[in-house]
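Please open the model in your viewer and keep the sequence panel beside it. The stops below say what to select next and what is there.

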Amino acid sequence: MNRLAICPGSFDPVTYGHLDIIERGAKIFDELIVAVFNNQSKAPLFSVDERVALLQKSTAHLPNVSVDTSAGLLIDYARNHKADAILRGLRAVSDFEYEMQITAMNRKLDDNIETFFMMTNNQYSFLSSSIVREVAKYKADVSDLVPDPVEAALLEKFSRK
């Protein structure tokens, strides 16, 4: 049986915290699709295409991971791809409340697709894309927070501003 999971997020930009969840998820599921969703409530630094490209570079070492994008509902995307599961990363208890609401709605819409929560490695529990963007904006070193292609993209993005 081929087990397919969707790992959704805005990934603006992808961090080592995201990669921790993706790499560990790739060990559990036969196939993992990292799906970039455009969160309308956020003002993204990178376009969806840029985020997809950065994720592809950052996950190239994982043969069972692919990167895609969607503008619709996550549950519809998962259903259309015949996914068995949705993989969500958690950093802290505060993430759990929000994620539980999303999971409850997804279950209401389709109770055949399970959601799995994975705690990120403790060294990344403080890490978020918004913190990385803020630190990078002031030209601080983010090399231990993001993969090399992301660091280069951040430097380029903020040197233009």
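Select isoleucine 22 and display its surroundings: leaving aside residues up to four places away in sequence, Ile22 touches Cys7, Phe11, Leu32, Val34, Leu55, Thr59, Leu62 and Val65, where contact means heavy atoms within 4.5 Å. This is a predicted model, in which local features need pLDDT of at least 70 and side-chain atom pairs count only at pLDDT 80 or more, while totals for chains, interfaces and linings use all residues. Residues are numbered from 1 along each chain as its sequence is written, and side-chain values use heavy atoms, with hydrogens and water left out.

Widen the selection to the largest nonpolar core, which has 34 residues and in which Ile22, Leu55 and Leu154 have the most contacts. Such a core is a set of buried Ala, Val, Leu, Ile, Met, Phe, Trp, Tyr and Cys residues joined through side-chain atoms within 4.5 Å, and buried means under 20% relative accessible area (1.4 Å probe, protein chains only). Among the elements that give two or more residues to this core are β1 (4-9), α1 (16-28), β2 (31-37) and β4 (85-90); helices (H or I, at least four residues) and strands (E, at least two) are DSSP runs, numbered from the N terminus. A second, separate core of 12 residues includes Ile33, Ile75, Ile86 and Ile113.

Next, show the strands alone. Five of them form an open sheet in the order β3-β2-β1-β4-β5, with parallel pairing, and two strands pair if DSSP finds at least two bridges between them. Because β3 and β5 (114-119) stand at the edges with a single partner strand each, one side of each is left without a neighbour in the sheet. For a closer view, select alanine 5, whose bridge partner in β4 is alanine 85; two bridges join β1 to β4.

Now turn to α5 and select Ser129, Val132 and Ala136, which are buried. They cover an arc of only 60° around the axis, so they lie on the same side of α5; the arc is that of the directions from the helix axis to the C-beta atoms. The buried residues of α5 pack against α1 and α6.

Finish with helix α2 (residues 48-58) and helix α6 (residues 148-159), which pack at an angle of about 150° with their axes 9 Å apart. Axes are lines fitted to C-alpha atoms, for helices over the stretch in contact, and angles run from 0 to 180 degrees between N-to-C directions. To see the contact, select Glu50, Leu54, Lys57 and Ser58 in α2, which meet Pro149, Val150, Ala153 and Lys157 in α6.

Definitions and conventions: Buried < 20%, exposed > 50% of the residue type's maximum accessible area, 1.4 Å probe, protein only.
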